[in-house]
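Visitor: Please take a close look at the ligand site in this model. I would like one connected account of what surrounds the ligand.

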Amino acid sequence: MPSMAQGGLRNFSENPNQLNRKFPNHEAKVDPSSRKQKIAQHRKSLPIASVEKRLVDEVRKNDTLIIVGETGSGKTTQLPQFLFNAGFCRDGRTIGITQPRRVAAVTVAKRVAEECDVQLGQRVGYSIRFDDTTSGSTRIKYMTDGLLLREALLDPYLSKYSVIIVDEAHERTVHTDVLLGLLKNVQKARSKTSNDRLNIENKRINDRTLLDEDNEDQAISFLKQCQGSKFPPLKLVIMSASLDARGFSEYFGGAKAVHIQGRQFPVDIFYTHYAEPDYLDAALITIFQIHLEEGPGDILVFLTGQEEIESVERLIKERLQQLPEGRQKLLTAPIFSALPSEKQMRVFAPAPTGFRKVILATNIAETSVTIPGIKYVIDPGFVKARSYDPLKGMESLIIVPTSKSQALQRSGRAGREGPGKCFRLYPEGEFEKLEDSTKPEIKRCNLSNVILQLKALGVDDILGFDFMEKPSRASIVKSLEQLYLLGALTDECKLSNPVGHQMARLPLDPIYAKALILASQFNCLEEMLITVAMLSVESIFYTPREKLEEARIATKCFSSPDGDHLTMINVYRASNEFLEKKTVGLSKEKSEKILRKWCKDNFINSRSLRHARDIHGSVYYHPCQSNSRAC
Ligand SMILES: Nc1ncnc2c1ncn2[C@@H]1O[C@H](COP(=O)(O)OP(=O)(O)OP(=O)(O)O)[C@@H](O)[C@H]1O
């Protein structure tokens, strides 16, 4: 690639082993006047379409199936539809698809609802923590892996599912890993369908998990449902574009793995000749090289966090001013998890005609999502990852090189609507040195929450639990210690009653759950409920770099000399007062719109506040919480 005028020279070399070019561009065949027709055509053109029958047969024949297929081959959107059409929901059961990230669960569900030509929430829906769009008629349900884990607490057989698809399993989030172990157990339990067996199982449940006083009603109704019923085997599909299929197959007792060949469009991969001393600067230069020298198409840049994104955004705007007017048609759209959701959704809107869009994203946009218009991906090769020091009991976020799988996923965000290009901002030799896959999160995080959930599911021997990869003994012991100190575990290391059970049921970090349980004794339950809700979400204040002073003045009116927690309570209560005064008689949509404006004026992250309000609501009405009010 030739040099650009401003800011320096970047030379990229093309990888001769570019992703294959086998599949032609089918776009021209699509009738643009009909979206439905276009979608139907598009579905037929996906590589997975040609193996529909084979995949359905394989799922029928095998209780566990591993599917490895290129990014964009159609796994996430199509397989659930194939299985639905093949009758896997005929008995009223549901196909559940887990995603590691909320954004993916939401956007893919919307896309699939559109493909099926149904309203979201009818046949196709999504459910993420505190946001459930499913209904009684939902048969294809996208959800986060964490949400399915919580469902298992109420329904240990996952009885409403006929198939569970664990998507993007290569990410190895802590929830995915725990889920895999759990699903193995559920499969075993469901394959033993005789009534005798069921009764034994029921007794076991009776003895251990569900029949604490708080949840007696739920448990009894669950047991009634199960009584005498025969569960069909639970089908399990593990999917990814970059999976260590052998490792997963071994873990599932030699499960069959199938590979879907081909991708819809080719993606050319380019590397720099030399290592880049400053990857942000290199990203910036590459953005402008593409903008000035390449054909139309939007750009997706992977950065490690909000700060980097905001600083690159500011630099893009500054450098644009130096270009001739006709070449300034470049728009930026950031996406990171702390960004208010309406702003997040802007990345999915098309750029105005003649403009090019640059999306500055964290790894939130790395897997499963399709952002229309993306033709170019810039990958500096870094990611912010959780790390845990069991000795200090401290968790932190550190910037580390991506794995090969992550690089593959990133390049796969291009080439979804037509041929694409991916610019990796490091030499090809460096790519070869990257780890094949990301170190499982379970090996680098605090395990208290996981252990609490496993205990609630009746898994007492945590060290003996069938993890795909065992966390270190030190991490397990440290977390057990923490749970013991919080009173969640007895001297025998069992879940304590009622505190441990209550804590496990509350959808909060163990430490917040305990704070809430204790608060009623100190007569500050409502204040604590607000505090833990506000602490459970991404940053409440949203401070754009260019408006630091304005934001400081606006947020000062909430601040309390008694500390951040009281400040958060002030924000929450101010939003309540505002809603009470200004939105009487208005529809929910209008009220939300007015509240968003209030948030914007006060430099509050409306997404976080809405999320905190949802948490507050759902914890307030949570059975455990109602009981602790009575304590
Ligand atoms: N929200 C969307 N808007 C437009 N097109 C979409 C959308 N979601 C999916 N597609 C199209 O469907 C194709 C298949 O997407 P799908 O997510 O099913 O692939 P995948 O094999 O699961 O890929 P990945 O492993 O990257 O998640 C995409 O390449 C894209 O062309």
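Guide: In this predicted model, a backbone N or O atom of G74 sits 2.9 Å from an oxygen atom of the ligand. The side chain of E168 also approaches a ligand oxygen, with one of its N or O atoms at 3.0 Å. A nitrogen atom of the ligand, in turn, has a polar side-chain atom of T370 at 3.3 Å. On its own the ligand has 630 Å² of accessible area, and the protein covers 93% of that.

The shell around the ligand is made up of 17 residues, and the closest of them are K75, T76, T77, R413 and R416. Helix α3, which spans residues 75-85, contributes the most to this shell, with 3 residues. By residue class, the shell holds 10 polar residues, 6 charged residues and 1 nonpolar residue.

A separate point to inspect is S127, which lies in strand β4, residues 124-128. S127 counts as buried because its relative accessibility is 5%, and the cut-off for buried is under 20%. The side chain of S127 makes a polar contact with the side chain of D132, at 3.4 Å. D132 also appears among the residues that S127 contacts once neighbours within four places in sequence are set aside; the others are T134, K141, Y142, M143, T144 and L147.

How values were computed
Residues numbered from 1 in each chain as written. Predicted model: local features only at pLDDT ≥ 70, side-chain atom pairs only at ≥ 80, totals over all residues. Heavy atoms only, no water. Near = heavy atom within 4 Å. Polar contact = N/O pair within 3.5 Å; in protein donor to acceptor, adjacent residues only side chain to side chain. Areas by Shrake-Rupley, 256 points an atom, 1.4 Å probe, with all protein chains shown as cover. Helix = DSSP H or I, 4+ residues; strand = E, 2+ residues; numbered from the N terminus. Nonpolar A, V, L, I, M, F, W, Y, C, P; charged D, E, K, R; others polar. Buried < 20%, exposed > 50% of the residue type's maximum accessible area, 1.4 Å probe, protein only. Contact = heavy atoms within 4.5 Å.
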